[in-house]
Amino acid sequence: MQATAAPAPAGGAPVTPAGTATMGPAPDAAAGDIVTVIAEPLLLRVGPSRESGALGAAKVGEQFTVISREGDWLQVCCLSGRPVWLAGAFVQITKSTPTAP
């Protein structure tokens, strides 16, 4: 997991108090993008669903690199060296990968 000490960038989505978040649409994140957690606790799961087991939780400001996307779920790198899934509604894109012309 790539944790950062910096808070989520200014002008981002509002932080939702723990336990009150509802899932909305994921940002248009693509493989290689860096996303920053904007609500906590954000469960890191073994698969792309709320029914998948949780492996841990991320805090506001933590950053991850997107590996892939499935619907509103993002597979990111990594928790203890293992790829995990998170609900894309609770992150914002911090750095996008350049697109080919």
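Start by selecting cysteine 77 and cysteine 78 and looking down the S-S bond: the link is left-handed, with -90° about that bond. This is a predicted model, and the two sulfur atoms sit 2.1 Å from each other in the disulfide that joins these cysteines. The count for the structure comes to 1 disulfide. As a reminder, a disulfide is a covalent bond between the sulfur atoms of two cysteines.

Now show the surface over this pair. Which of the two cysteines is buried, and which is partly exposed? Cysteine 77 has 29% relative accessibility, so it counts as partly exposed. Cysteine 78 has 12%, and because buried means under 20%, cysteine 78 counts as buried.

Next, stay on strand 5, which covers residues 73–79, and select leucine 74, which lies in that strand. Its relative accessibility is 0%, so leucine 74 counts as buried. Display what surrounds it: leaving out residues up to four places away in sequence, leucine 74 touches Ala29, Val35, Val66, Ser68, Arg69, Val84, Trp85, Leu86, Gly88 and Val91. For a distance to try in your viewer, pick the C-alpha atoms of leucine 74 and alanine 31; they are 43 residues apart along the chain and separated by 9.1 Å.

From here, widen the selection to the largest nonpolar core, which has 20 residues; Val35, Phe64, Leu74, Val76 and Leu86 touch the most other members. Colour the strands that give two or more residues to this core: strand 1 (34–37), strand 2 (42–45), strand 4 (63–70), strand 5 (73–79) and strand 6 (82–87).

Then move to serine 52, in the loop between strand 2 and strand 3 (54–58). Is this serine buried or exposed? With a relative accessible area of 15%, serine 52 is buried. Add serine 49 to the view, and you will find a polar contact of 3.1 Å between the two side chains. Beyond its neighbours within four places in sequence, serine 52 is in contact with Arg45, Val46 and Gly47.

For the last stop, colour the model by pLDDT. The protein has a mean of 81, and 70% of its residues reach 70 or more. Confidence is highest in strand 2, at a mean of 98, and lowest in strand 7 (residues 91–95), at 92. Finally, select residues 1–22, where the pLDDT is below 50; this stretch has 37 contacts in the model beyond near neighbours in sequence. Where pLDDT is low, the predicted coordinates should not be read in detail.

Methods: Residues numbered from 1 in each chain as written. Predicted model: local features only at pLDDT ≥ 70, side-chain atom pairs only at ≥ 80, totals over all residues. Heavy atoms only, no water. Disulfide = S-S within 2.5 Å. Buried < 20%, exposed > 50% of the residue type's maximum accessible area, 1.4 Å probe, protein only. Core = buried A, V, L, I, M, F, W, Y, C linked by side-chain atoms within 4.5 Å. Helix = DSSP H or I, 4+ residues; strand = E, 2+ residues; numbered from the N terminus. Polar contact = N/O pair within 3.5 Å; in protein donor to acceptor, adjacent residues only side chain to side chain. Contact = heavy atoms within 4.5 Å. pLDDT = per-residue confidence, 0-100.
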